[in-house]
Amino acid sequence: MSQAETVRRAPRRLWSLGLLRSEIGTTFRRWRTLALLAVLAGVPILVGVAIKIETGSRGPDGGDGGPAFISQVTNNGLFLVFTSLAVTLPFFLPMAIGVIAGDAIAGEANAGTLRYLLVAPAGRARLLFAKYATSMAFCLVGTLVVALSALVTGAALFPLGKVTLLSGTSISFGEGLLRALAIAGVVALSLLGVAALGLFISTLTNSGIAAMATTVGLLITVQILDTIPQLHAIQPYLFSHYWLSFADLLRDPVYWDQLQKNIGLQALYAVVFGSAAWARFTTRDITA
Amino acid sequence: MPRNEPTEVTEEWDGGRSAKRRKAVRYAVPVAVAGVTAATIGLVPAFAGSGSPDLPKISAQDLIAKIAKSDVQQLSGTVQVTTDLGLPSLPGGMGGAGGFGGGPGGGEHGGSGASASPQSKLTELASGTHTLRVAADGPEKQRVSIVDKTADYTLIHNGKDVWAYDSGSNTAVHNTAREDARHGEHGKHHEGPKDLPNGLQNATPQELAKQALKAAGDTTAVTVGDTAKVAGRDAYQLVIKPKQSGSTVGSIRVAVDAANGVPLKFTLTPKSGGPAAIDVGYTSVDFAKPAANTFSFTPPKGAKVVDGDQQRAKAQREHGNDGKGAKGAMDRKGLKDFGGLNVIGKDWTSIAKIKGAGPGGKDQAAKGQAGKLLDSLGSKVTGSFGSGHLFSTRLVNALITDNGTIYVGAVDKQALLDAANAAK
C-alpha cells in the first residue's frame, strides 16, 4: 500500500477537492435536500408568526413553558434567531443531518452507483472523507438557513435594536449579530457528532432508508435518554447533552465551560465514528 | 493504471490472513480512541483529586484564625453547588425544607412576576447541581448569577441597590438595601440586605464556613485533615465533627486556601453515609479585582420591572408577621416565615419547635390542602405527645404533630421524638 500511496501523492489534493466539489454539488442539487432546507427555513417563520399573533392578545409571559428566549423575541427580533436555533436543534436540524449523512454511502449502494463512484481514481478513504465533508457542509448550511430565515422574519415582524444578554447587560446590535453568527457556528459544530454517527451507520447497510431511519431513531433514543434523571451518570457522554450550551455565548461574561465540553464531545464522536466508518468502508465488499 | 485501483479491494480478493488482519487493525482505531478517552475521563479526575499538595503543618486553631483573618475583598469565580438532601420532589411552592407550612405562600409565588424573586430561586438550589458565578469587590458590590440551561438568574448588589434579573421571564426586581441591614451584625462581609438574597449569599463558601465555625463549641471536634487541591489552588481542609450523638451530621469539611485563607469548598456529609448532602465549592477562582461594570445594572429595554420594596411591604401587611429570622442552622433553611418559634437543645442537636404556622385561619387552609400529602409522605408516629407524622430526609427530620406543632432539626428521629415527648 505504501508504494501505491507514494505514487498517488501528487494528484491527491486536486482529486480530493474535485470529488468534494462534485459531491457537494450533487447533494445540494437534490430536491430532497432543497425540501429539507425549505422545511428548516419554515420553522422560524412559523415561530415568529405564532409569537406575533400571541402578542396581540397578551405577551408570552412565563419563561418556564415556552422554548428558550421566547419571552425576549417581542423586544428584539434578533432573539428569534436564538429561539429558532433552540427549537430546531433538538430534532429538525439533526434529523436533516441524519437524512443526508445516513444516505451518504448507503444511498449510493442502494441506487447501485457506489461501485461506479469507486471506479473513479479516488480511493475509498477519500470518498468517505468527501461524503463526511459534504455532511459537515450541510450542517453549516442548514444552521445558517435557520438563522437567516429567523433573522429576516424577526426583522420583519419585531423591532431590532440593542440586545439584552441573559445577565441583563445590553450590547449593541452589531455585537449581537456577531454573537448570533458565533452561535450559528457553534450549533453547526454541535451537529458534527450526529453527522459522523450517520455516516458510520451508512457504511453498515446497503439500504438508504434503513440507514436514515436508524440514525434518526438513535437520535430520538439519545434525546429521550438525556431526559431521564436516573441516567445522569451516562448523560455527559451523549452527543446531545451539551447542545443547548450555545446559550452560554449570550452570558456576560461568556461561560466557556460547557461550550468547550460540547466541542470536545463532538470531536470525540467525529473521530470515533469517523474512524469506525473508515474501518468498515475500506474493508468491506462492495457488492452494489 | 494501478493507481486507479483502490488497493484495499484488490487485496481483499486475495483473501488470506493479511486482509483479516488489516480489518482488525482498522477496527482497532475507533476502539482505541474510545478506550483512551474513557481512560482519560476515568483516571484524570482521580489523579487530580488525590493530589494532596505538600503544605507546612498547621493547627486547627491557626487555620480558623487564618480564615477569620482573611481579608480578601475582591474575587470572581465559578461555584458549583450540589445538594442531595434526599427531599421528596414536591410540586411548586411545596419544595424545599421550609415548604411544609408554605401552602398559602406557594400560591403567591406562582403568581406573575414572582418568578424573579430570590426565594423561589432558593428552593431550586435545594436539590440537584447548580452552577453559580460570583464576583465581589468589597462589601458594597457583589454579584451572583445562577447559570440555568438557557437562562441566567442574576443578583447584583451595588451600594444601596439590589437588582435581581431573571432572563427566563425577562423580569427585574429592584430592592433598596436598608442602611441598618447593610452595616448589621455580619459587618463588612455581609452581602446584601438580610431578608432578600439570604441563602444566595450564604451559598458562597466563605459564609458557609463562617456559619459552621459559629456552631462550634465544646460539642464539636475541629481538626485539620489532608491537604487538597480546589479550583487549582492548594488548600488545607478543616474537618468539623459533631460530638453529640443525636445529630444527623457526619462531618463538615472546609477547604481553605493555603495562601490567603479564603474558604474554597464546603462539604457536609450526613452520618448515614453516601454522597455529600451539601457540597459547595469553587471550580475556578480569581482574586483579581473584577471589572467595574460587572456590578452595574440598568433594567434592559422591555423588561418587566418589579419594585421589590413595595411588594414586600404589601406582603407584610397581608401576612401580619415581620419575618424575624431564626438563628443558626435554621437560618439556612428558610424557616423564617413561621411565627411562634423556639429552639430546644443546643448546637448540633438543636430542634426548632414551631407552634402552629401563623394565624389560625391560614393554618387550617394549609392543613386542608396538605392533608393528603402528609399521609403519603410521612410515617405516622405516636408518643406521649400524641400522634403525628414524621418526615425524614438525609439530613433534616421533621415531626408534625396532629395539633399542628412542628419539630424540625438536623437530628435523628429518636432525638426528635424525645424532644417532642419532653416538650409536651
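Helix H9 of chain A, which covers residues 208–225, contains 18 residues and extends 26 Å from its first C-alpha to its last, close to the 26 Å expected at 1.5 Å a residue, where the expected span is taken as 1.5 Å times one less than the number of residues in the helix. The model is predicted, so that local features need a pLDDT of at least 70 and side-chain atom pairs count only at pLDDT 80 or more, whereas totals for chains, interfaces and linings use all residues. Residues are numbered from 1 along each chain as its sequence is written, chains are lettered from A and ligands numbered from 1 in the order in which they are written, and side-chain values use heavy atoms, with hydrogens and water left out. Helices (H or I, at least four residues) and strands (E, at least two) are DSSP runs, numbered from the N terminus.

Within H9(A), the buried residues are A:Gly208, A:Ala211, A:Met212, A:Thr215, A:Val216, A:Leu219, A:Val222 and A:Gln223; here buried means under 20% relative accessible area, exposed means over 50%, and partly exposed lies in between, as found with a 1.4 Å probe on the protein chains only. Seen down the axis of H9(A), these buried residues fall within an arc of 125°, and they therefore line one face of the helix, the arc being that of the directions from the helix axis to the C-beta atoms.

Helix H8 of chain A, residues 192–204, has the highest mean pLDDT among the elements of that chain, at 94, while helix H1 of chain A, residues 2–29, has the lowest, at 67; pLDDT is the predictor's confidence in each residue, from 0 to 100. H8(A) has 13 residues and reaches 19 Å between its first and last C-alpha, close to the 18 Å expected at 1.5 Å a residue. H8(A) is mostly covered, with 12 of its 13 residues buried, including A:Leu192, A:Gly198 and A:Phe200. The elements of chain A that cover these buried residues include helix H4 (92–111), H6, helix H7 (173–190), H9 and helix H10 (256–283), contact being defined as heavy atoms within 4.5 Å.

Two of the covering helices were examined through single residues. A:Val146 lies in helix H6 of chain A and counts as buried because its relative accessibility is 0%. Leaving aside neighbours within four places in sequence, A:Val146 is in contact with A:Leu40, A:Pro44, A:Ser84, A:Leu85, A:Thr88 and A:Leu93, and its C-alpha atom is separated by 9.3 Å from that of A:Val39, although the two residues are 107 residues apart along the chain. A:Arg179, in helix H7 of chain A, is likewise buried, with a relative accessible area of 16%, and its contacts, again leaving aside neighbours within four places, are A:Leu165, A:Ile171, A:Leu249, A:Leu250, A:Arg251 and A:Val254.

The largest nonpolar core has 83 residues, of which A:Phe69, A:Phe82 and A:Phe246 touch the most other members; such a core is a set of buried Ala, Val, Leu, Ile, Met, Phe, Trp, Tyr and Cys residues joined through side-chain atoms within 4.5 Å. Helix H6 of chain A, residues 124–157, gives the largest share of this core, 10 residues. Not counting residues up to four places away in sequence, A:Phe69 touches residues that include A:Phe82, A:Phe246 and, from the other chain letter, B:Thr150. Apart from this core lies another, of 47 residues, among them B:Val79, B:Val249, B:Phe266 and B:Phe391.

In the unreviewed UniProt entry, the annotation "transmembrane region" covers residues 34–53, 73–93, 136–160, 180–201, 208–225 and 263–281 of chain A; annotations of this kind may be inferred rather than shown by experiment, and their positions are given in the numbering used here, with feature names shortened. In the model, residues 180–201 of chain A are 95% helix and 0% strand, with end C-alpha atoms 32 Å apart, whereas residues 73–93 are 57% helix and 0% strand, with end C-alpha atoms 21 Å apart.

Chain B comprises 11 helices and 19 strands, and 46% of its 424 residues count as buried. B:Ala231, in the loop between strand E8 (228–230) and strand E9 (233–242) of chain B, has a phi near 50°, a positive value in a residue other than glycine.

Chain A averages a pLDDT of 85, and chain B averages 70. Over residues 1–12 of chain B the pLDDT is below 50. Where pLDDT is low, the predicted coordinates should not be read in detail.
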